[in-house]
Amino acid sequence: MMIVAGFFLTSFFLVSVVIAETIKIPVASPFTGPLASFGEGVKNGALLKAEEINAGGGINGKQIEIVLGDELCDPKEAAAVATRFASDPKVAIVVGHLCSSATLAALPIYKEAGLPAITPASTNPEIGKSSPYYFRNVYKDDFQGDFLARYAKKVRNFKKIAIFYEVNDYAMGLKDAFVSQAKKVGLRIIGAESYMSETIDFNAQLTKFKMMRPDAIFIPGYAPQATLLISQARSLGMKCAFFGADGLDDAIMLKNPDADGLFVTTPFLVDRGGAMVKEFVGRYQRKFSIEPNWFAANTYDAVGLAVAAITAAGLDREKVRAYLAGISSEEKAFQGITGATYFDENGDCLKAAFVKVVKDGKWVSAEEQLQ
Amino acid sequence: MLAAILDQSSLFLQQLVNGITLGSIYALIAVGYTMVYGVIQLINFAHGEIYMMGAFLSFSLLSGFFGFGLPFGLAVAVSVLVCALAGILLDVVAYRPLRRAPRLAALITAIGMSIFLQNLALLIWGGQIQSFPQNAIPALLSEPALQLGDVVISWLQVVILSTAIFLMLALHLIVHYTRIGRAMRAISQDKTAASLMGVNVDRVVSYTFAIGSGLGGVAGILVGLYYNAVYPTMGYFAGIKAFAAAVLGGIGSIPGAILGGGILGLAEVFGGGYISSSYSNGIAYAVMILVILVKPTGLFGRHLRDKA
């Protein structure tokens with residue numbers, strides 16, 4: 001009996017020793033719930049990067065371990081997950097969150113704990129300004145909304161636009177940026193309707209828009225609602241175009257025959273990248289048997305940045321923050337598969353946006369891009 | 001000028017069509033609430049989850065989720081049947097043991113069953129919105145049945161409305177012209193007296209649950225098809241709406257539930273279409289509150305004598 005107990009004790013001890021030897025990198029995102037498919041890309045991108053780092057010997061001989069924090073894109077859950085990470089003294093940097101509302105809920109907790117975080121996907125403009133500890137390797141919505149308004153006007157030559165936006169930090173920031181640029185380029189906004197994330201019936205508002213005959217409907221929001229909205233518009237007999245931003249960049253759109261012709265902005269296009277991207281896509285497809293989406297690509301680079309920071313600064317939160325803040329010019333930029341990443345004084349970065357279109361159940365790059 | 005008037009009138013007509021469709025769905029769910037309440041004075045909060053199960057079962061049988069696919073008609077029939085059985089099971093497992101307990105105990109159990117079933121669905125099917133496979137649904141349903149200028153009525157909307165009307169008529173006949181219907185009415189008037197007259201209360205309650213849950217299942221399938229979206233929390237929101245519809249019409253009254261559903265659906269659509277989409281739910285509930293303020297028992301509610 002004693003021997004058995006002793007054996008268990010030793011093995012327990014051994015296990016804990018092994019755990020102590022790894023460096024934890026927490027990744028927070030919705031891994032279940034309606035936006036789980038976005039989180040799937042985040043998870044895969046992080047795991048692939050970790051696997052590569054570990055195969056190359058880890059960080060100074062220590063293996064890294066990705067710790068997933070599932071927050072369902074819910075601000076309340078995000079705050080709980082953030083508290084868990086912030087109170088773990090072995091955590092020096094967090095990669096996440098995905099939804100802007102979740103990131104904004106976690107932000108004060110990381111700030112309070114002096115824990116640096118890097119979001120691969122949250123685009124709300126407020127994030128960088130609100131905390132010196134928050135960084136991102138994705139563009140902001142003021143850039144994205146601005147870009148979409150110019151694209152809609154100059155490339156697509158739309159004149160009248162109707163807007164459907166979800167009530168959350170991401171969609172509203174995006175809508176505001178779009179509207180202000182639309183005014184400048186002379187794009188008419190004929191109406192803006194809001195919806196909540198649990199909305200499934202858009203018929204009343206669509207009927208209203210139908211009579212105004214817009215050239216296109218802009219949907220700042222997420223894919224699960226957008227796919228319903230587009231189908232309902234088509235069954236009401238609406239023929240107008242639809243477009244959105246990176247929140248609609250999901251495979252669910254490809255299953256909807258009504259979504260043919262939908263175009264979205266995205267930070268990452270497979271066929272726009274060089275040799276590094278092709279290699280990444282190949283490895284990703286071999287491991288997960290699907291094509292990487294932009295969440296995967298950006299998270300892959302965000303984990304890369306986190307690893308670079310820990311390698312240079314150790315597990316001291318303040319030093320990690322200082323290291324990231326020091327990546328402040330094009331010469332010092334982190335070179336990843338999504339291009340060069342370097343931060344401005346708010347921790348935000350400038351990245352290119354691309355346009356892709358749903359065509360015959362596939363995403364294809366738009367023939368005409370806007371630079 | 002003329003074009004503007006035409007636009008306005010077709011806008012109104014289209015909203016009317018949207019509102020009636022939504023209202024008939026609410027009515028179908030509300031009837032399930034009201035029947036159970038009428039017979040055993042229990043607000044069955046798990047009713048919305050039965051509706052969700054109906055949608056998920058038909059989705060699974062059509063898409064081959066369980067490893068086999070069924071033709072459309074059969075899948076619908078099986079789903080409705082399973083929903084009816086699930087309703088009976090729900091009563092036998094969760095509510096029957098509490099028949100003599102204080103009413104609050106059964107109410108809390110109902111909320112518990114609602115949460116349990118919602119999480120069960122989350123475990124089985126996951127949290128993402130699922131869509132029906134395109135090839136499994138009769139193509140006719142998505143085509144327009146009637147097109148008048150800008151006003152479009154799809155076959156699916158026709159099917160939803162006619163199914164709702166047909167089932168309501170059938171229900172009326174069952175409640176008023178069959179033995180089991182008479183027994184239901186007897187129990188709703190006085191449970192003890194009915195059982196003294198030889199009415200098997202448990203059996204009648206089971207029938208009530210079966211019919212109410214079957215109707216809920218039908219509503220779930222129709223909604224799943226209409227929006228082409230099935231997800232675990234769908235029953236929660238629809239359940240609250242339908243409950244409001246039942247209260248608005250006078251809980252316990254079947255015609256009241258139908259009218260309440262219609263009013264709520266129209267209020268939501270016209271509120272969203274003409275006032276503001278952010279407040280469409282708020283407007284629907286405000287209408288309900290106004291009615292209750294003026295007539296606390298709801299539109300068709302009976303004035304219950306005080307049993308205390």
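Leaving aside neighbours within four places in sequence, B:L62 is in contact with B:G69, B:L70, B:F72, B:A75, B:F132, B:P133 and B:A136. This residue belongs to a predicted model, and B:L62 makes a friendly starting point for a walk through it. B:L62 sits in helix α2 of chain B, which covers residues 47-63. Is B:L62 buried or exposed? With 24 other C-beta atoms within 10 Å, B:L62 is buried, because 20 or more such atoms are enough for a residue to count as buried. B:L74 lies 12 residues from B:L62 along the chain, and 9.4 Å separate the C-alpha atoms of the two.

Strand β1 of chain B offers another view of burial. Among the 5 residues of this strand, residues 144-148, the count of buried residues is 0, so β1(B) is hardly covered. Its partner is β2(B): the two strands run antiparallel and are joined by 4 bridges. In this pairing, B:P144 stands opposite B:S154 of β2(B). The hairpin of β1(B) and β2(B) has 2 residues between the strands, and B:G149 takes a positive phi near 60° there. As background, the strands of a sheet pair through backbone hydrogen bonds, either parallel or antiparallel.

The next stop is a pair of helices in chain B. Helix α5 (residues 155-177) and helix α6 (residues 179-189) of chain B have axes that come within 5 Å and cross at roughly 75°. The two helices, α5(B) and α6(B), are therefore roughly perpendicular to each other. Which residues of α5(B) and α6(B) meet? From α5(B) come B:I174, B:V175, B:H176 and B:Y177, and from α6(B) come B:I180, B:G181, B:M184 and B:R185. Sorted by class, this contact of α5(B) with α6(B) has 5 nonpolar, 2 polar and 1 charged residues.

At the level of domains, the assignment for chain B gives domain 1 (31-232) and domain 2 (251-308). The centres of these two domains of chain B, taken over C-alpha atoms, are separated by 21 Å. Where the domains touch, 9 residues of domain 1 of chain B are in contact with 7 residues of domain 2 of chain B. On the domain 1 side of this contact in chain B, α1 (2-40) and α5 each supply at least two residues. The largest share of that side comes from α1(B), with 5 residues. By class, the residues on the domain 1 side in chain B divide into 6 nonpolar, 3 polar and no charged.

Chain A can be read in a similar way. Its domain assignment gives domain 1 (21-139 + 273-341) and domain 2 (142-266). The C-alpha centres of domain 1 and domain 2 of chain A lie 29 Å apart. Their contact takes 14 residues from domain 1 of chain A and 15 residues from domain 2 of chain A. On the domain 1 side, the elements of chain A that give two or more residues are α2 (36-55) and α4 (100-113). The largest share of this side, 3 residues, comes from α4(A). The residues of the domain 1 side in chain A divide into 8 nonpolar, 6 polar and no charged.

Chain A also holds an open sheet of 7 strands with mixed pairing, in the order β7-β6-β8-β9-β10-β13-β14. Its edge strands are β7 (188-195) and β14 (362-365) of chain A, each of which pairs on one side only. From one strand to the next, the twist averages 25°. Within this part of chain A, strand β10 (residues 263-266) and strand β13 (residues 354-359) run antiparallel and are joined by 4 bridges. One position to look for is A:T265, whose bridge partner in β13(A) is A:V355. Helix α6 of chain A (residues 141-154) lies across β6 (160-166), β8 (216-219), β9 (241-244), β10 and β13 of chain A, and runs at about 140° to β10(A).

Finally, the two chains meet. How many residues does each of chain B and chain A bring to the contact? Chain B contributes 25 residues and chain A contributes 26 residues. On the chain B side, α1, β2 (151-154) and α10 (254-275) each supply at least two residues. The element that gives the most to this side of chain B is α1(B), with 6 residues. By class, the side of chain B that touches chain A has 8 nonpolar, 15 polar and 2 charged residues.

Methods:
Residues are numbered from 1 along each chain as its sequence is written. Chains are lettered from A and ligands numbered from 1 in the order in which they are written. This is a predicted model: local features need pLDDT of at least 70, side-chain atom pairs count only at pLDDT 80 or more; totals for chains, interfaces and linings use all residues. Axes are lines fitted to C-alpha atoms, for helices over the stretch in contact, and angles run from 0 to 180 degrees between N-to-C directions. Angles under 35 degrees count as roughly parallel, over 145 as roughly antiparallel, 65 to 115 as roughly perpendicular and the rest as oblique. Two residues are in contact if their C-beta atoms, placed from the backbone, lie within 7 Å. Ala, Val, Leu, Ile, Met, Phe, Trp, Tyr, Cys and Pro count as nonpolar, Asp, Glu, Lys and Arg as charged, and the others, Gly among them, as polar. Domain bounds come from an automatic or database domain assignment. A residue is buried if 20 or more other C-beta atoms lie within 10 Å of its own, exposed if 12 or fewer, and partly exposed in between; C-beta atoms are placed from the backbone. Two strands pair if DSSP finds at least two bridges between them.
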